[in-house]
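Please open the model in a viewer and keep the sequence panel in view. The tour proceeds by selections, each followed by an account of what is found there.

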Amino acid sequence: LSPNLQLLDKSAPPYVIYLTAKDNSSKFLVLDQNGEKKEVTISAKVPQRLYLLKTAVGLGPYTFAATQDDLSHSPKLSWSAMLYGNYYINDKNSIRFFDAIVKENSTFNNLGFYFAYEGADGFDHRLSFVPLLGLQLLTYKYNSDSVLINKAIFPQGFELVYRHAFGMRNYHLVYGMFLSTSSSVDYKNLWLRFGKRVFGELNYINWAEDGSKATMMGVSVGLSLIHI
């Protein structure tokens with residue numbers, strides 16, 4: 001789509017070109033604003049295969065505090081492991097999942113499944129708003145003598161995606177959050193992620209319900225794992 005260029009037949013833009021892995025470039029003639037012919041070349045790196053499922057893992061130090069009724073563990077430094085997955089239905093919609101686990105005196109595991117769709121985008125698709133609709137499964141055990149708690153909760157959220165952030169090609173800056181939709185459950189999950197195949201993430205998760213509470217906050221480094 002160009003304000004100053006037209007095809008030779010002077011048809012109205014936009015003009016669509018299809019590129020494949022075998023033929024990853026295209027040359028064509030256009031007319032500029034002075035009626036002179038110009039040759040334009042468009043090329044792209046097109047993979048032999050488009051992967052539908054992408055996964056990643058993350059690991060990093062987190063502070064972790066836990067409460068069970070009148071008992072509590074003060075914040076301590078621990079390691080947290082993360083698993084991420086994204087199954088692409090098409091270029092706008094996907095099914096996502098994540099899992100975060102931390103263990104230090106208490107154990108807390110946060111598993112989520114979400115449908116994601118690009119609700120709006122701007123600035124030539126560099127900025128996107130992505131609602132996230134789904135559910136989470138929580139597992140919590142305060143200590144070896146306490147009862148294992150399994151909960152299903154339904155916090156909903158969104159991501160704001162800034163592509164090619166700070167002029168760095170294919171590096172994305174992502175801010176996201178989940179908030180509880182129930183007055184009986186206090187849940188917040190906030191994250192800020194930057195990178196591409198290797199990325200860094202700041203994350204804060206807080207859950208409280210029926211006298212139980214778990215709070216984790218820290219930074220992790222993620223790495224793309226398996227593409228299928």
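## First stop: a loop residue

Select H125, which is partly exposed, with a relative accessible area of 32%. The model is a predicted one. H125 lies in the loop between β8 and β9, and its phi is near 65°, a positive value in a residue other than glycine.

Add D124, which is found in the loop between β8 (120-122) and β9 (127-141). Its phi is near 60°, again positive in a residue other than glycine. Is D124 buried or exposed? D124 has a relative accessible area of 73% and is therefore exposed, the cut-off being over 50%.

## Along β9 to β7 and β6

From the loop, extend the selection to β9 and then to β7. These two strands pair in the antiparallel sense, over 10 bridges. To see the register, display A116 and L132: A116 stands opposite L132 in β9.

Next, add strand β6 (residues 93-104) to strand β7 (residues 106-117). The two run antiparallel and are joined by 12 bridges. A useful pair to label is R96 and Y114, since Y114 in β7 is the bridge partner of R96. Where the chain passes from β6 to β7, the strands form a hairpin with 1 residue between them. In that turn, N105 has a positive phi of about 70°.

## The hairpin of β4 and β5

Now select strand β4 (residues 53-68) and strand β5 (residues 71-88). They run antiparallel, with 15 bridges between them. Within this pairing, P61 has W79 in β5 as its bridge partner. The hairpin has 2 residues between the strands, and D69 takes a positive phi near 55°.

Which strand pairs with β4 over 12 bridges? It is strand β15 (residues 212-227), and the sense is antiparallel. Label Q68 and S212 to follow this pairing, as S212 in β15 is the bridge partner of Q68.

## Q68 and its surroundings

Stay on Q68, which is placed in strand β4. Its relative accessible area is 13%, and the residue is therefore buried, the cut-off being under 20%. Leaving aside neighbours within four places in sequence, Q68 is in contact with Y140, Y142, I149, G211 and S212. A distance may also be drawn from Q68 to S146: the two are 78 residues apart in sequence and 8.8 Å apart in space, C-alpha to C-alpha.

## Y140 and the largest nonpolar core

Follow the contact from Q68 to Y140. With neighbours within four places in sequence set aside, the contacts of Y140 are A66, T67, Q68, T107, F108, V147, L148, I149, W207, S212, K213 and A214.

Two of these contacts, F108 and W207, lead to the next selection. The largest nonpolar core has 30 residues, and F108, Y140, W207 and M216 touch the most other members. Show the side chains of these four together.

## The sheet of β1, β2 and β3

Move to the start of the chain and select β1 (6-7), β2 (25-31) and β3 (37-43). The 3 strands form an open sheet in the order β1-β2-β3, with antiparallel pairing. β1 and β3 stand at the edges and each has a single partner strand, so one side of each is left without a neighbour in the sheet. Between β1 and β2 there are 2 bridges; in one of these strands, β2, L31 is the bridge partner of Q6.

The loop between β1 and β2 contains K10. This residue is exposed, with a relative accessible area of 56%. Draw a C-alpha to C-alpha distance from K10 to L111: they are 101 residues apart in sequence and 55 Å apart in space.

## Last stop: the second largest pocket

Finally, select L1, S2, L5, L7, Y15, I17, F28, V30, V40 and I42, which line the second largest pocket. Its volume is about 180 Å³. Which strands each supply at least two residues of the lining? They are β2 and β3. Colouring the selection by class shows 9 nonpolar residues, 1 polar residue and no charged residues in the lining.

Conventions:
Residues numbered from 1 in each chain as written. Predicted model: local features only at pLDDT ≥ 70, side-chain atom pairs only at ≥ 80, totals over all residues. Heavy atoms only, no water. 1 Å grid on protein atoms, 1.4 Å probe; cavity = no way out; pocket = protein on both sides within 12 Å on 5 of 7 lines; lining within 4 Å. Points joined across faces, edges and corners; volume = space filled by probe spheres on them. Helix = DSSP H or I, 4+ residues; strand = E, 2+ residues; numbered from the N terminus. Nonpolar A, V, L, I, M, F, W, Y, C, P; charged D, E, K, R; others polar. Core = buried A, V, L, I, M, F, W, Y, C linked by side-chain atoms within 4.5 Å. Buried < 20%, exposed > 50% of the residue type's maximum accessible area, 1.4 Å probe, protein only. Contact = heavy atoms within 4.5 Å. Pairing = 2+ DSSP bridges.
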